[in-house]
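Please open the structure in your viewer and keep the selection tool at hand. The tour below moves from one selection to the next and says what is there at each stop.

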Amino acid sequence: MGDRWQVAVDRGVCIGSGLCASTAPEGFRLDSARQSHPVTDEMAAQEAVLAAAEGCPVEAIVITEVDSGEALFPPEE
Ligand code: SF4
């Protein structure tokens with residue numbers, strides 16, 4: 001697992017459940033429209049952020065390893 005992750009939320013998909021922000025409060029914030037945003041586009045690899053992506057009910061969170069460009073979530077087939 002790389003040290004730096006690029007994290008994105010597909011706002012057309014996010015339903016604003018808030019699950020990601022409660023699972024990884026250092027990784028995600030909800031705005032006033034209850035849309036999730038990564039706190040920063042790039043962040044240190046952390047288990048809670050991966051858990052948030054895995055737990056998102058609509059798979060709106062995309063994590064890419066910065067160095068390799070490898071898709072960590074959703075995983076490549
Ligand atoms: S868990 Fe998914 S649907 Fe819920 S706020 Fe986060 S990105 Fe949006």
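Begin by selecting the ligand and its surroundings: 14 residues surround the ligand, and the closest are C14, S17, L19, C20 and C56, where a residue counts as near a molecule or strand if its C-beta atom, placed from the backbone, lies within 6 Å of it. This shell divides into 10 nonpolar residues, 4 polar and no charged, with Ala, Val, Leu, Ile, Met, Phe, Trp, Tyr, Cys and Pro counted as nonpolar, Asp, Glu, Lys and Arg as charged, and the others, Gly among them, as polar.

Before going on, note that this is a predicted model, in which local features need pLDDT of at least 70 and side-chain atom pairs count only at pLDDT 80 or more, while totals for chains, interfaces and linings use all residues. Residues are numbered from 1 along each chain as its sequence is written.

Next, show the strands. Helices (H or I, at least four residues) and strands (E, at least two) are DSSP runs numbered from the N terminus, and two strands pair if DSSP finds at least two bridges between them. You should find an open sheet of 4 strands in the order 4-1-5-6, with antiparallel pairing. Its edges are strand 4 (42–44) and strand 6 (71–73), each of which pairs on one side only.

Select strand 1 (residues 4–9) together with strand 5 (residues 61–65), which run antiparallel and are joined by 5 bridges; here W5 stands opposite E65 in strand 5. Moving on from strand 5 to strand 6, you meet another antiparallel pair, joined by 2 bridges, in which I63 stands opposite F73 of strand 6. The hairpin of these two strands has 5 residues between them, and G69 takes a positive phi near 75 degrees there.

Now add helix 2 (residues 47–55), which lies across strand 1, strand 4, strand 5 and strand 6. On this helix, pick A52, which touches C20, T23, A24, G27, F28 and I61, not counting residues up to four places away in sequence; contact requires C-beta atoms, placed from the backbone, within 7 Å.

Which residues touch the most other members of the largest nonpolar core? Of its 15 residues, these are C20, V49, A52, A53, C56, I61 and I63. Strand 1, helix 2 and strand 5 each supply at least two residues of this core, and the largest share, 4 residues, comes from helix 2. Such a core is a set of buried Ala, Val, Leu, Ile, Met, Phe, Trp, Tyr and Cys residues joined through C-beta atoms within 7 Å, and a residue is buried if 20 or more other C-beta atoms lie within 10 Å of its own.

Key:
Two residues are in contact if their C-beta atoms, placed from the backbone, lie within 7 Å. Axes are lines fitted to C-alpha atoms, for helices over the stretch in contact, and angles run from 0 to 180 degrees between N-to-C directions. A residue is buried if 20 or more other C-beta atoms lie within 10 Å of its own, exposed if 12 or fewer, and partly exposed in between; C-beta atoms are placed from the backbone.
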